[in-house]
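Visitor: I am new to this structure and would like a close look at a single part of it. Could you choose one strand and take me through its surroundings with care?

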Amino acid sequence: MENNQNTSPLLRDTVIKVDLSAIAENIRNICALVGPSAEVAAVVKANAYGHGILPLAPVIMENGASLLAVATLSEALEIKTAYPDYPVLVMGLTSDAYLPQAARYSVIQTIDTVEQAVLLNEIGEKLGRPVSVHLKIDTGFHRIGFPDDPDSIQKILTLKDLPWLSVEGIFSHLALLDDASNKEQYERFTRVIAYLESNGFHFRYKHIADSIALVDYPEYRMNMVRAGALIYGLKGFHKGFVSVRQALRFETRISHISLVRKGEGVSYDYTWRAGKDTLVGTLPFGYADGYPRNLRDKGTVAIHGKRCPIVGVICMDQCMVDLTNVPDARIGDTAVIYGDGTGNTADIQEISELAGTNKNEIVSRLSMRPPRIYTYEQPAQKAEEFHHGSI
Ligand SMILES: *Cc1c(COP(=O)(O)O)cnc(C)c1O
């Protein structure tokens, strides 16, 4: 625990600050929205969308989530090593060679073939305990899943004969094209479930809704929802509403200031040249930290509450900004790269629009290099600050 950042061993001025109280509030608000009829699977893949998985996991689980969902087995094992008792679902497929590891660590694995069901059953028998799985059904997205044709669904019935396989859940994923296509997928999914249930299956968990669907389409919440972006305060919904706030802030400090004379260039290829004598600040972050390189000539940072445009090509580890709006800027002053929109900062929504992508890409591409700093701000209580090493 270290309260004074200047004496903390971060060794870097470019940092990602995560407000854990925002994460806690967001997950509580999501749970309250869906109510007691549905449980919340918290999607924490890609290092919890760049926020850092291990510090967030207990906050998410202690504030109402039932399950942590990741994309890959490696992500699941990272959680299981630190928190063996948290249920973890791998939503992607895992190759046969790695399935023994999944079973050994009691990871809940997604499957979409009878062959893998048989393999996991054998592994379970050797371990002496059943292996838990969720079945993925392809209702049109065509990414993974058992096809929902009669032959394929008929084959799923054979899973009932596998005593070391515990089929805990069944799920699908919406393409979110429009109301009609969502409805079609949902109906295809419920038809599959009805058939399997009428043939003796029981699924503890049935789920199809991600962050957007769980807010905009309450009728598709079933008894579990998969909340990802929403947990981090990234809002994609259009029709419904839930109160969530962005937890992440990306900051750095000015490392150098140059006076660039009229006509002189900045950075590779001199793509930007000073139209007049200009104060240019150097900031020690670049695309290797996860900032989109294509934000050259578009991106801005906030210094002293004023926007400063990035000028010239963004380098791997540094970039330059025009300091004309902040003539009193000094080396060591804070520059906010991603804020929450307050104090004239650019929020993740704005950055994603500028970069021509979505909010999830902007946060999940944040690299491991910037140290994460975690704060937990509670009213009437001193803010606690600690850091989590950057590897
Ligand atoms: C990533 C993912 C989610 C979460 O998506 P958000 O849009 O961030 O809520 C849900 N389900 C599956 C299968 C995913 O891969």
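**A strand and its partners**

Guide: In this predicted model, Ile137 of strand β6 stands opposite Phe146 in strand β7, and that pair is a convenient place to start. Strand β7 covers residues 146-147, and the 2 bridges that join β6 to β7 link strands that run parallel.

Strand β6 itself spans residues 131-138, and it is mostly covered, with 8 of its 8 residues buried. If you follow the side chains along the strand, you will find that Val131, Val133, Leu135 and Ile137 point one way, whereas Ser132, His134, Lys136 and Asp138 point the other way, and that all are buried. Such a pattern has a general background, because in a regular strand the side chains alternate between the two faces of the sheet.

The other partners of β6 can be taken in turn. Strand β8, residues 165-171, pairs with β6 in the parallel sense over 6 bridges, and within this pairing Val133 stands opposite Val167 in β8. Strand β5, residues 108-111, is joined to β6 by 3 bridges, and these two strands also run parallel; here Thr110 stands opposite His134 in β6. Between β5 and β6 comes helix α6, residues 114-127, and the strand, the helix and the following strand together make a right-handed β-α-β unit.

One residue of β6 leads from the strand to the interior. Leu135, which points the same way from β6 as Val131, Val133 and Ile137, belongs to the largest nonpolar core, a set of 118 residues in which Leu135 is one of those that touch the most other members, together with Ile60, Leu68, Leu159, Ile303 and Tyr338. The largest share of this core, 8 residues, comes from helix α1, which covers residues 20-34. As general background, in soluble globular proteins nonpolar side chains tend to be buried together.

To see what the surroundings of another such core residue look like, turn to Ile303, which, once its neighbours within four places in sequence are left aside, is in contact with Ile254, Cys308, Val321, Leu323, Val326, Ala329, Thr334 and Ala335. There is also a second, separate core of 7 residues, and its members include Val260, Trp272, Val280 and Val311.

Key: Residues are numbered from 1 along each chain as its sequence is written. This is a predicted model: local features need pLDDT of at least 70, side-chain atom pairs count only at pLDDT 80 or more; totals for chains, interfaces and linings use all residues. Side-chain values use heavy atoms; hydrogens and water are left out. A nonpolar core is a set of buried Ala, Val, Leu, Ile, Met, Phe, Trp, Tyr and Cys residues joined through side-chain atoms within 4.5 Å. Buried means under 20% relative accessible area, exposed over 50%, partly exposed in between (1.4 Å probe, protein chains only). Helices (H or I, at least four residues) and strands (E, at least two) are DSSP runs, numbered from the N terminus. Contact means heavy atoms within 4.5 Å. Two strands pair if DSSP finds at least two bridges between them. A crossover is right-handed if, with the strands pointing away from the viewer, the path from the first strand over the helix to the second runs clockwise.
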